[in-house]
Number of protein chains: 2
Amino acid sequence: MTSFEIPIASSFRPPAVSDVDVRGFWGERIDAVADRTAMILYDRCVAAGMLDQIDPARPVPAVRMPFHTRADGSPDTVNVQMFWDSDIAKVIETAAYALYRKANPDLEAKTDAIIDMFHRLQQPDGYVNSWFIRMQPGKRWTNLRDCHELYCAGHLMEAAVAYFHATGKRKLLDVMCRYADHIDGVFGPRPGQLPGYCGHEEVELALVRLGRATGGRRYFDLARFFVEQRGQQPHYFDVEAAARGADPKQFRHRTYEYNQSHLPVRQQTKVIGHAVRAMYLYSGMADVATEFGDDSLTDALKILWDDLTTKQMYITGGIGPAASNEGFTDYYDLPNESAYAETCAAVGLTMWASRMLGRGPDRLYADIMEQALYNGALSGLSTDGSRFFYDNPLESRGTHHRWTWHRCPCCPPNIARTVAAIGSYMYAVSAGQVAVHLYGDSTARLDVSGTKLTLTQSTDYPWNGRIAISVGLEKPAAFRLALRVPGWCRRATLFIDGETVDVDAIEERGYLRLDRLWRGGETILLDLPMELRTLRANPAVKADLGRVALGRGPLIYCVEEVDNGSGLNSLILAGDVGNATVTTVEQLGRAVAVEVDAKRERWNGWEGKLYDAAKPMLEKTRSRFVPYHLWDNRAPGEMLVWVRAGE
Amino acid sequence: MTSFEIPIASSFRPPAVSDVDVRGFWGERIDAVADRTAMILYDRCVAAGMLDQIDPARPVPAVRMPFHTRADGSPDTVNVQMFWDSDIAKVIETAAYALYRKANPDLEAKTDAIIDMFHRLQQPDGYVNSWFIRMQPGKRWTNLRDCHELYCAGHLMEAAVAYFHATGKRKLLDVMCRYADHIDGVFGPRPGQLPGYCGHEEVELALVRLGRATGGRRYFDLARFFVEQRGQQPHYFDVEAAARGADPKQFRHRTYEYNQSHLPVRQQTKVIGHAVRAMYLYSGMADVATEFGDDSLTDALKILWDDLTTKQMYITGGIGPAASNEGFTDYYDLPNESAYAETCAAVGLTMWASRMLGRGPDRLYADIMEQALYNGALSGLSTDGSRFFYDNPLESRGTHHRWTWHRCPCCPPNIARTVAAIGSYMYAVSAGQVAVHLYGDSTARLDVSGTKLTLTQSTDYPWNGRIAISVGLEKPAAFRLALRVPGWCRRATLFIDGETVDVDAIEERGYLRLDRLWRGGETILLDLPMELRTLRANPAVKADLGRVALGRGPLIYCVEEVDNGSGLNSLILAGDVGNATVTTVEQLGRAVAVEVDAKRERWNGWEGKLYDAAKPMLEKTRSRFVPYHLWDNRAPGEMLVWVRAGE
């Protein structure tokens, strides 16, 4: 084997969704989205009356469904309708990926019709926002703090890029480029421009995505402006509130920490406030860092990354424990049963992690991306693609189930678009290098320094860790192929065309760097043995004291009542989980379940007693664990991730 | 030994505080109240400006210190000042007991001066309430729901009785009888009377106390009226709100469950709402049941008793886990660190339990009275009598400490008056029977069926369970002496004048019934061995799962950082606590501490890590437990009642 010194650029960008054909584990989930979820989302938007708001041909609907109410019952400033554009945008984005997956003329016609509505809605100056055009005319750009105006624009930009890539149709892309140009004129540092930014971040990352798709670097500049402007003094939201005659102190969420504008972003060191907003901000910051090669911004993000992942993250990758602010509380405050851990927040963490890889492969980020994706995010979608978790607790008494819809319908299309776009999270490409971040049966068509490269993964991942990768090239090319070795894997082995490769010699930051002149036709065999892991939490996490969670490969496991009977908190595992066997659960798509020896406390005899001196009886049992993301897909019942442990 | 059939009446009433001289454990606490707390309470009332409100000779003070504020910052209907009369009343009541304990001319003069203020404040028609006379003239009896008007009257009635018993001075008693007569005219079923009752119960039990002290049976009738009227339809608080032009639905606490007026009291089966209110209501109901021999009311109370003590009570006797309503939540919701468990609520449970004994001795009630008194209530007062807990959590990270005062100063005088009145909780007397409910070094002067009886207890209780009781009589008399055998005691032994008595033959509902012709001069030796108890909670109490608490005699124990180092949750006891020894802690008034073998998880190595597959190391240690009520009397630090337990 020969090694090469290959000049490597350190700006990595993901492939388009349409550049990766996904099979296997994720393929089945994408099929469910294409076959079912995409149309369900459309139908539920129609049922909720959302299209009545967008379509200029229909009567202006009444303001309804107050989302937040004050203590005295009056509606607050925020109403779900003001962010419906964003939800519809994610429905379009999901439809785009579904249409790329499978032709569906009905879905395509319906999506085209929605796009036509936005096209007709667009004002002569390029402005597009159904709430402010139709429901609240004359009020545009007067309350960036509360009204999700740029947030809606951002999601529509993402939808436009996705629909263009999937279908080749430019109409929405053109609409959104015109709108982005309009925004670029309204916002900025020059006299007459507004020095503002959105209370709900999203437009920053969306502008980078739009810029990458269209080559419009001015969108990168605008994204950077929004990022750098955030939290500067005088505070824009104070100035803006005063301008509309409101008392800036009467902010429902009390503190600008809620929307991460309490400080300029480079001075922020604590992950705080509304979880989804935080993740989208950091994603946009990471995108800006990648596009501008700005390591100082990356350094600020590293502090936040450490803060989140070492003090504020559930083992599922869920984040934001509190319902009250849909976000963060104190360090190590990670209650299991009351966990909010919104699906959108885990999706957001997946997004941020993937963007932290924009400066180069690093297990630190890819491991968390995988952890959030396979657990706290994927749990948001039922296996058949028809039901959705909004909050993702790590324990349930049996009353928590996926919704068919939510009055704030952000999570259903968010997890659907993420699942359907999984291919774009699997790889990243820079000049001279291709990184494989996630494994899964798939074929990717990539371009590395001008050469077309096909990478075909054959694997049953995540059920086992054996991955065969074939390299296809139109002509020989020297580049680095970086293969991730997950942190959970203790002994990876690698063969290329049958030859053993010394993995220790070529590992850096958790990636095996294969620097060579590739000729095409090589077969790489990577084995990542999946051992059962007994995981404990930092003892500062009081909710998990004296408890263990089981992990295998990228998956966190849980016990369900359907397998183990009720009273899951009566189960006690040995501190060293012994005699573990794996089985396959047909009812869960041949998922790998784990069975271990356990004890069960007998709980009978407690009727009518609150305290007692009697010692509980223990009996031997065997308990079955299934992947957390699959819970509540069979008979409803209790669920528990952190199981009590003996010594 | 000869047994007699003695006719027993089943209406038991407590002795006056001045009928019992207390020494030993409680004597030291009463001395602290007499020497220190009583004057501290007075001084703090002065410092808070409370007397400025009562004294008609002073300028009317401004309304200040809004207690509750609405979301928009405006003051709500409730202000601390509206219940200051009640707090001052409890300060007077405490001073009464202190003056009975020890002469204190300065305290007596100051208390007489306060009483003079109320005397001068009293209106020609008998009405007395500083808030409505001076701050809100013209609004009396317009908002019984929120304004604590009858509640204030009740506490002043209690103070008047106490001050009369302690000092023989009638001025406040006369004022309050006139006020009670006025109330009796205003409220009632007759035309022109108001069919109302107070949003905060208290006047019901106070009227019974006033009636017992003065022989005024009309006060019993009025108490019964208030009890029976509660929760009847049309709902008085609805009618009252409409009459003052308010929307009845705009009730800050949303539901009348908050003040136990959601249903007529006989239909209530769940202990609900604000904890102190509930306890005071049930106390008043029990008093009415006793005075009217009304077993149907007692039957209703038994259902509520069972509901509270088998589903909603901390092991300390603390009740009301939530700060939001200062009260009850769901069954088995008993979080330890965030426990509200207000001192006043444990005092209230002590009061209710003592009044459930009004229909006869029963361990069911006396055990809980002792449990609440020695643990969740007594913890409210520092050993030196100078500082006060408002909330009594069962776990602390080291930041919870007793206050010198509270903006809602209800708890300090409430626990002080309760400690100082302990003698009246120790006994109850009916025709033909004397019951000893609590043990403690003391001398009681009682009257049983017209004969003067002196009972002298010599004991080191609660530090050990050996009690010698000498019976003193002016002449021989036949009566039943009922001695409680606490439920925590497994093998009581009894000797009378050296002769063994078969306790099993004479025990009923946890009391040893000694029916005989007493001649005086008998010595009773009762031994209640105190074994260490390892207690577990019903597994439905999730906060206590896998944990044990230690109890010895009436005391619940805890670990403190000062004895065991920090990280108390790293301690793990064996399921069977082994090798226990008792020691005496000089710094805590020679309290009995318990030391047991334990293991400690090593927690080093977790810096910067949130989850890990490493198994924790355990090392052997010895841990010291001290009585819960004594915690936070030495070096500040962590505290824990429910300690992790191994198998």
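Begin by selecting strand 20 of chain A together with strand 14 of chain B, residues 532-537, where the two strands pair in the antiparallel sense over 2 bridges. Keep in mind throughout that this is a predicted model. Within this pairing, pick out A:Asp612, whose bridge partner in strand 14 of chain B is B:Arg536.

Next, widen the selection to everything on either chain that touches the other, which brings up 47 residues of chain A in contact with 47 residues of chain B. On the chain A side, colour A:Leu610, A:Tyr611 and A:Glu647, since these lose the most area to chain B and together make up 21% of what that side buries. The area buried between chain A and chain B comes to about 3600 Å², with carbon and sulfur atoms giving 57% of that area.

Now turn to the side chains of B:Lys542 and A:Glu337, which meet in a salt bridge with a distance of 2.4 Å from N to O. The count of salt bridges between chain A and chain B is 4, and the count of residue pairs in polar contact between these chains, both at pLDDT 80 or more, is 16.

Finally, stay on the side of chain A that touches chain B and select helix 12 (295-311), strand 14 (532-537) and strand 20 (611-612) of chain A, each of which supplies at least two residues of that side. The largest share, 4 residues, comes from strand 14 of chain A. If you colour this side of chain A by class, you will find 21 nonpolar, 11 polar and 15 charged residues.

Notes:
Residues are numbered from 1 along each chain as its sequence is written. Chains are lettered from A and ligands numbered from 1 in the order in which they are written. This is a predicted model: local features need pLDDT of at least 70, side-chain atom pairs count only at pLDDT 80 or more; totals for chains, interfaces and linings use all residues. Side-chain values use heavy atoms; hydrogens and water are left out. Contact means heavy atoms within 4.5 Å. Buried area is the accessible area (1.4 Å probe) that two parts lose on being put together, summed over both. A polar contact is a pair of N or O atoms within 3.5 Å; within protein, one must be able to donate a hydrogen and the other to accept it, and residues adjacent in sequence count only if both atoms are side-chain atoms. Ala, Val, Leu, Ile, Met, Phe, Trp, Tyr, Cys and Pro count as nonpolar, Asp, Glu, Lys and Arg as charged, and the others, Gly among them, as polar. Two strands pair if DSSP finds at least two bridges between them.
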